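Subject: Structure for your bench work

Hello,

Here is the structure I said I would pass on. My notes on it follow below.

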Amino acid sequence: MNKHIPLNKIKLDDPFWNGVCELVRREVIPYQYEALHDRVDGAEKSYCIENFKKAAAVVSMLKSGKSVPVYPIDRWQYTDENSDAGSFKGWVFQDSDAYKWLEAVAYSLINHPDSELEQKAKELVDIICAAQLENGYLDTLYIINDISKAFSNLRDNHELYCFGHLAEAGVAFYHATNDKKLLDCALRFADLICSTFGEDKIRGYGGHEIAELALVKLYEETGEKRYLDTARFFVTERGKKPYYFDIEQGKTSREGEYYHYNQAHRPFKNQDEAVGHAVRGVYLYSGAADVVKYTDDGEIYTSCKNIWNNIKNKKLYITGGIGATCDGEAFSFNYDLPNDLAYSETCAAIGLIFFARRMSEIDASSDYADVAERALYNTVLAAMGEDGKSFFYVNPLEVNPTASREDSRKRHIKPVRQKWFGCACCPPNLARLISSIGEYAFAENDSTFFVHQYIGATVKSDIAEVCINSDYTSSGRVEITLNPKHKMSLALRIPDWCKSVKFSAEHTVKDGYAYFMIDGRTTITAHFDNTPQLVMCSNRVRANVGKAALQKGPLVYCAEEVDNGADLQKLILDRNTCFTQDGEFLIADGWREEDIQKLYLPLSDTPKSPCKIKFHPYYRWGNRGENEMQIYIRI
């Protein structure tokens, strides 16, 4: 089994990622702190910190024996218009936004100590811990509105989901600050969960998964086997009959008719296709892979592998996005990958990266890091504006602003990034991923150091000191210097987009990695051919027949109206065209069809004029005002 390298052993220094990480540290994290406190003009209110303060007041009243008001728990979102002023506000999972922010802060503090930021985070930790009940329970919706109904609607109300993010934040914050207060808070809640759910207890599981991977993380931190056992129970109990969600809802459903959305339609060992809500899915699959690492459960692993292959081969956008339909924010049927209707939620791409890392820790195949790279350099980065204060929740591959305004089927497609969201799961999720990017770049076991992502860094691993100098996104050249502690091997991923690669030393290739024997201080260079290339889709993807996308190295490119004029659908590329580079742009000779006013006419060649077509990295689209955007171009 491979393991990722802890952040405190990694010092990033990369010409591409330095600026991204600094943007998150200097702009995104402070901005999100203000958003969580409802202090961003023109942005939707979060209510997140307000809820913790309300819950702390309720806990104080309960401790003193005072009666507390009771409010309804009957919806997913509580607003000023539909709920009492004293009740919980926001979405049922609002607590998780604070936890994800704290996790991002923790990762940032590891490499960039900041006493002022740390103090703000500790003050928030104090507010959170004050809202915890004596038995360990912590969910502000139920504490504020009606604690008697705790754990009564696991399908919809996200208690176990919020716990999962609390646990991840607790572990990260302890590692960053040596302060155990938030971790102890998470452990108390975990102990309550372990004593509540199991084979001879409540046989339930969360409607929105993440508790599974969080419990494994607590097991890794403490060695307490009950956390691993409960994680495995949540994975293996899911989808068994009678359906637990039916039991708590007091109804009977046919063969999983409602529960594809929650991946609870059948037992996990019988699942082989990614279905339902995409974020829930990849969080479950990540937790299941974590369970495999410590239990060697072959049935769970087989399902993880089958589901991975289904995503990679039939349900993955070229940008690394997943979840093609806004109907349930879900995976659609195989090969259904529309460009202008794509949902491709930011959190789903992030969860896919989580799944990829865990699978690579079980099996060192380049399949996993290839997909993670695609998601990381395209969908994840596109979700954040260059100002660090605007975000995409949905990441389409084609945008017509008029359609976004006037077509109800496309109103989820935004032509410009938003300041914040009432349902703000994506921005803090993005911040915590980028702040911990080193954990996804490198891994090791007793004899091998793996480079999954070519990010410049100095790494002090258990088996070697490693220095990576990377010009990966520009020239494709990477230099790796190792000072090993004993004889070892170095494994360098050969990216799936790379037509040819030159290494400076002899090597063998296995499962998409080049392996080098290292015995003493060594420097190895790699040069990956990142010549721009047109990429086609399977002809089973109806949306892209007769079209191609442009890719250079890990970066997917797009055409924008600001560079090419309106009506991008009229642009045509020659399949044999050559591309020239102009700064961040790629330029090619092509044609623009003349406008046809008549709706129907006899088939003939449409007149067209030569033109230059200008392509921009997809991750940077939408930063120059509202305009059309398109990845796939007619060929």
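I start with one cysteine: Cys304 has a relative accessible area of 0%, so this residue is buried. Please keep in mind that the model is predicted.

Cysteines and disulfides

A disulfide is a covalent bond between the sulfur atoms of two cysteines. Counting pairs of cysteine sulfur atoms within 2.5 Å gives 0 disulfides here. Cys21 shows how a cysteine fails that test: the closest cysteine sulfur belongs to Cys467 and is 16 Å away, which is too far for a bond.

Overall shape and make-up

The protein contains 17 helices and 24 strands. Its radius of gyration is 25 Å, and a compact globule of 635 residues would come out near 26 Å, so the two values agree. Along the principal axes, the C-alpha atoms fill a box of roughly 80 × 70 × 50 Å.

Burial covers 60% of the 635 residues. The exposed area is about 24900 Å², and 47% of that is supplied by carbon and sulfur atoms. Among contacts with a separation of 6 or more, 69% join residues that are 24 or more positions apart.

As for charge, there are 75 positive and 90 negative side chains. The centres of the two sets lie 1 Å apart.

Two residues in helices

Thr379 sits in helix H14, which runs over residues 366–382. Its relative accessibility is 0%, and Thr379 therefore counts as buried. What is Thr379 in contact with, once neighbours within four places in sequence are left aside? The partners are Thr319, Gly320, Gly321, Ser344, Ala349, Arg374, Asn395 and Tyr618. Tyr99 lies 280 residues from Thr379 along the chain, and their C-alpha atoms are separated by 23 Å.

Ser360 belongs to helix H13, residues 346–362. Is Ser360 buried or exposed? Ser360 has a relative accessibility of 5%; buried means under 20%, so Ser360 counts as buried. Leaving aside neighbours within four places in sequence, Ser360 is in contact with Asn2, Tyr368 and His452.

That is what I have for now.

Regards

Notes: Residues numbered from 1 in each chain as written. Heavy atoms only, no water. Helix = DSSP H or I, 4+ residues; strand = E, 2+ residues; numbered from the N terminus. Rg over C-alpha atoms; globule rule 2.2 N^0.38 Å. Buried < 20%, exposed > 50% of the residue type's maximum accessible area, 1.4 Å probe, protein only. Contact = heavy atoms within 4.5 Å. Areas by Shrake-Rupley, 256 points an atom, 1.4 Å probe, with all protein chains shown as cover. Lys, Arg positive; Asp, Glu negative; His and termini not counted. Charge placed at Lys NZ, Arg CZ, Asp CG, Glu CD.
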